[in-house]
Amino acid sequence: MTPLVEMLDISIAFGGVKAVDNVSVDLHAGEVVGLLGHNGAGKSTLIKILSGAYPKDSGEIRINGEAVEIHNPRDARALNIETIYQTLALADNLDAASNLFLGRELTTAFGFVDDDAMEAETRKIMGRLNPNFQKFKDPVKALSGGQRQSVAIARAVYFNAKILIMDEPTAALGPQETKMVAELIGELKKQGIGIFLISHDIHDVMDLCDRVSVMKNGQLVGTEKVEDVTDDEILAMIILGKRPERT
Amino acid sequence: MTDAADTGAAAPKRRSLIDTLELDTRLLGMIGAFIILCVTFDLVTDGRFLTPRNIFNLTIQTVSVAIMATGMVFVIVCRHIDLSVGALLATCSASMAMIQTSILPQYFGMELGGPMIWVIAAASGIVVGGLIGALQGWLVGYLTIPAFIVTLGGLLIWRNVGWYMTDGQTIGPLDPTFMMFGGTNGTLGAGASWAIGALAAAFCVYAIWQGRRRKQKHGFTVKPLWAEFALGLIAVGAIMGFVAILNSYEVPTRRLARMFAARGEEMPEGYTEAYGLPISVLLLIIVAIVMTIIAQRTRLGRYIFATGGNPDAADLSGVNTRLLTVKIFALVGVLCAISAVVASARLINHSNDIGTLDELRVIAAAVIGGTALSGGIGTIYGAILGALVMQSLQSGMAMVGVDAPLQNIVVGLVLVVAVLIDIIYRRRTGDA
Ligand SMILES: Nc1ncnc2c1ncn2[C@@H]1O[C@H](COP(=O)(O)OP(=O)(O)OP(=O)(O)O)[C@@H](O)[C@H]1O
Ligand SMILES: [Mg+2]
């Protein structure tokens with residue numbers, strides 16, 4: 001079966017630093033692939049190439065087996081790639097609805113942005129993701145870290161993504177909200193969406209993911225099926241860059 | 001559903017009048033300060049400040065700066081600055097003056113006073129302004145030269161390009177129809193002013209009603225009916241009051257007699273005529289409405305504010321922030337051209353120093369009006385009110401007889417204090 005996403009021999013350097021060095025990962029429909037690695041390993045940089053935030057220096061990206069060029073975030077969105085950035089990428093001065101629909105505003109028949117319709121939609125999706133969320137009128141800078149993260153998650157899942165990138169989506173969330181995101185991931189998986197999940201929580205990853213790819217110093221250590229490895233073996237991959245020995 | 005402890009949404013408590021009316025406290029503060037300013041000047045000048053005549057003059061003097069200030073709001077909201085607006089106004093004014101006084105008459109045989117001259121001149125000016133603005137925007141957006149530098153260069157370049165176009169000469173008199181955009185020479189008279197006022201009032205009421213219906217359709221909570229009525233009443237009162245004031249300023253008898261004489265008629269005994277709404281003020285109102293719609297109801301406006309709030313977020317959300325920069329500066333260029341029409345028509349000719357120091361007045365108006373230099377925050381009505389405050393200060397002090405140097409000192413102080421108050425206000429309300 002052709003993978004949904006293939007990133008082949010991807011490299012990018014900032015100045016002299018090789019942030020991502022010849023990394024290849026892939027993702028199938030209905031699959032969750034975890035990206036693990038120490039701080040600065042290059043995880044965010046790798047997925048930002050897929051989401052159009054950074055131009056790659058070399059390598060190839062294929063979607064459903066077809067080579068694609070992703071020059072900017074608009075290209076990525078057009079390919080149904082949605083991203084929850086580690087930095088959340090919210091405009092602090094705008095309210096939740098304006099952020100959720102930023103770049104894809106709902107408009108009236110005359111082409112004007114329809115704030116009321118957007119707020120109504122935002123209330124619907126937030127009702128599912130974070131029922132406690134009530135601050136629809138405030139600029140998002142008035143929200144807590146977790147509330148902001150909920151807005152970023154809502155934005156990524158609202159637009160029928162086929163490929164979802166989640167860069168530490170639950171870092172700021174409370175236990176209840178984290179559980180809801182876990183449930184959401186399961187649900188999206190069933191709908192056949194492919195998900196890249198970056199997280200530092202190994203238990204999360206082992207519970208939610210089908211496979212994990214581990215990076216160290218910009219390079220890929222290896223990709224393993226979660227049922228084939230133990231937590232300790234994963235830790236060894238992250239810390240020592242050592243692949244588990246196979247008999 | 002409304003779990004107060006968890007969400008921070010306060011339990012239904014008694015709400016103040018301002019809350020119920022959903023009024024913008026910042027706007028109220030600014031209007032309050034403006035009223036205090038006007039009343040003070042009126043007391044000090046023994047009632048000469050708040051006469052229909054002075055109010056009429058104040059409004060027409062404010063128009064040119066206010067029009068540009070609406071555009072400056074977008075520039076500053078987007079974390080840029082435009083120091084070239086005064087110089088750009090001069091270049092646009094020079095182009096329009098040359099087109100109507102020499103190019104059209106010489107090469108196209110159109111005489112001054114012809115019906116099409118003002119249209120062609122104004123349209124060319126707008127094209128010139130838009131293109132220069134777009135060029136500056138391109139330098140800022142695509143070549144990533146800081147806007148401060150690009151427009152500082154622009155300030156020197158465009159003022160002197162204007163000089164070369166006219167050989168440093170004062171060009172005039174301009175086309176009579178064109179000059180109707182200047183203020184006193186083009187007013188609508190009492191009848192048409194009332195009609196426009198009534199139309200505007202009706203539209204306000206309609207907009208309030210529509211807004212309420214839209215909210216109800218989505219099942220949102222709406223203001224109590226009496227609050228909507230109160231707001232409608234305030235809006236209608238303000239509009240009609242403004243028209244009434246302008247309509248009570250009558251054209252001096254001598255001037256009327258001259259107008260009749262020019263038509264070869266005898267002026268009837270006891271004939272009076274009101275100036276009414278100046279066309280230039282109507283132009284400002286139209287610009288204000290269009291710019292407010294752009295800011296609040298269009299994608300362009302949404303992207304301007306998003307980019308000002310977080311440029312990276314806007315980029316990652318698919319906003320083409322470079323092209324956006326070009327659009328903003330082009331828009332400012334167009335507004336400079338419109339201001340150039342008003343300013344040169346008011347002076348009845350183009351002179352080299354037209355618009356000198358306007359860049360500072362325009363930036364000050366936007367900033368006094370609450371536009372934050374850190375980006376992401378600003379309103380069109382605020383900038384216009386800011387322009388009005390600046391002009392009132394200047395005229396009021398001149399009327400009181402304050403020395404010119406002291407006038408500037410006061411204006412400078414007011415600018416700094418206004419921003420300080422704004423910072424304190426934002427800290428208090430928590431949207432710093
Ligand atoms: N825009 C940039 N300019 C220069 N260097 C960068 C840039 N973005 C990332 N880097 C560098 O690239 C390397 C990889 O960074 P990246 O953000 O991808 O790490 P990460 O694996 O996501 O780490 P974390 O777990 O801390 O989020 C780091 O050394 C970082 O300093
Ligand atoms: Mg990261």
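Let me start with helix H18 of chain B, which covers residues 404-429: at 1.5 Å a residue, its 26 residues should span 38 Å, and the end C-alpha atoms lie 37 Å apart, which agrees. Before I go further, please keep in mind that this is a predicted model, and that the values I quote are computed from it.

Staying with H18(B), the residues B:Gln407, B:Val411, B:Asp422 and B:Arg426 are buried. In a helix of this kind, there is a general point about spacing: an α-helix has 3.6 residues a turn, so residues three or four places apart point the same way. As for what lies over the buried residues of H18(B), the cover includes helix H3 (25-44) and helix H17 (380-400) of chain B.

One of those buried residues, B:Asp422, takes part in a salt bridge with B:Arg26, where the closest N and O atoms are 2.4 Å apart. That pair links distant parts of the chain, since B:Arg26 sits in helix H3 of chain B and B:Asp422 in helix H18 of chain B, 396 residues apart. Both B:Arg26 and B:Asp422 are buried.

Now to the other salt bridges; over all chains, the count comes to 23. In chain A, A:Lys56 pairs with A:Glu69, and the closest N and O atoms of that bridge are 3.8 Å apart, to be read against a cut-off of 4 Å. The two partners again belong to distant parts of the chain, 13 residues apart, with A:Lys56 in the loop between H1 and strand S4 (58-63) of chain A, and A:Glu69 in the loop between strand S5 (66-68) and helix H2 (73-78) of chain A. A:Lys56 is partly exposed, at a relative accessible area of 21%, while A:Glu69 counts as exposed, at 52% relative accessibility.

Another bridge in chain A joins the side chains of A:Arg62 and A:Glu60, at 2.6 Å from N to O. Here A:Arg62 counts as partly exposed at 28% relative accessibility, and A:Glu60 is likewise partly exposed, at 31%.

Let me turn to the magnesium ion, ligand 2. Which protein atoms serve as its donors? They are OG of A:Ser44 and OE1 of A:Gln86, lying 1.9 to 2.1 Å from the ion. A:Ser44 lies in helix H1 (residues 43-50) of chain A, whereas A:Gln86 lies in the loop between strand S6 (81-84) and helix H3 (96-100) of chain A, so the pair ties together parts that are 42 residues apart in sequence. A:Ser44 is buried, with a relative accessible area of 18%, and A:Gln86 counts as partly exposed, at 44% relative accessibility. I would add a caution, which is that water is not among the atoms, so a metal site may look incomplete.

The loop between S6 and H3 of chain A also holds A:Ala89, and this brings me to backbone angles. As a general matter, most residues other than glycine have a negative phi. A:Ala89, however, is not a glycine and has a positive phi of about 55°, and A:Ala89 is buried, with a relative accessible area of 4%. A positive phi is found as well at A:Glu168, where the value is near 50° in a residue other than glycine. A:Glu168 is placed in the loop between strand S7 (163-167) and helix H6 (175-190) of chain A, and A:Glu168 too is buried, with a relative accessible area of 15%.

Back in chain B, is B:Asp358 buried or exposed? B:Asp358 belongs to helix H16 (residues 358-368) of chain B and is buried, with a relative accessible area of 7%. If we set aside neighbours within four places in sequence, B:Asp358 is in contact with B:Ser64, B:Val65, B:Met68, B:Val85, B:Gly86 and B:Leu89.

My last topic is the surface of chain B, where a nonpolar patch of about 770 Å² is made by B:Leu135, B:Trp138, B:Tyr142, B:Leu143, B:Ile145, B:Phe148, B:Ile149, B:Leu152 and B:Leu323. Helix H6 (117-141) and helix H7 (147-166) of chain B each supply at least two of the patch residues, and the greatest contribution, three residues, comes from H7(B). B:Trp138 has its place in helix H6 of chain B; with a relative accessible area of 39%, B:Trp138 is partly exposed, and a residue needs over 30% to enter a patch.

Definitions and conventions. Residues are numbered from 1 along each chain as its sequence is written. Chains are lettered from A and ligands numbered from 1 in the order in which they are written. This is a predicted model: local features need pLDDT of at least 70, side-chain atom pairs count only at pLDDT 80 or more; totals for chains, interfaces and linings use all residues. Side-chain values use heavy atoms; hydrogens and water are left out. Patches are made of residues with over 30% relative accessible area and no salt bridge: like charges are joined within 9 Å, nonpolar side chains (Val, Leu, Ile, Met, Phe, Trp, Tyr) within 5 Å. Accessible areas come from the Shrake-Rupley method with a 1.4 Å probe; for residues, only the protein chains shown count as cover. Helices (H or I, at least four residues) and strands (E, at least two) are DSSP runs, numbered from the N terminus. Buried means under 20% relative accessible area, exposed over 50%, partly exposed in between (1.4 Å probe, protein chains only). The expected span of a helix is 1.5 Å times one less than its number of residues. Contact means heavy atoms within 4.5 Å. Donors are N, O and S atoms within 2.8 Å of the metal (3.2 Å for Na, K and Ca); water is not among the atoms, so sites may look incomplete.
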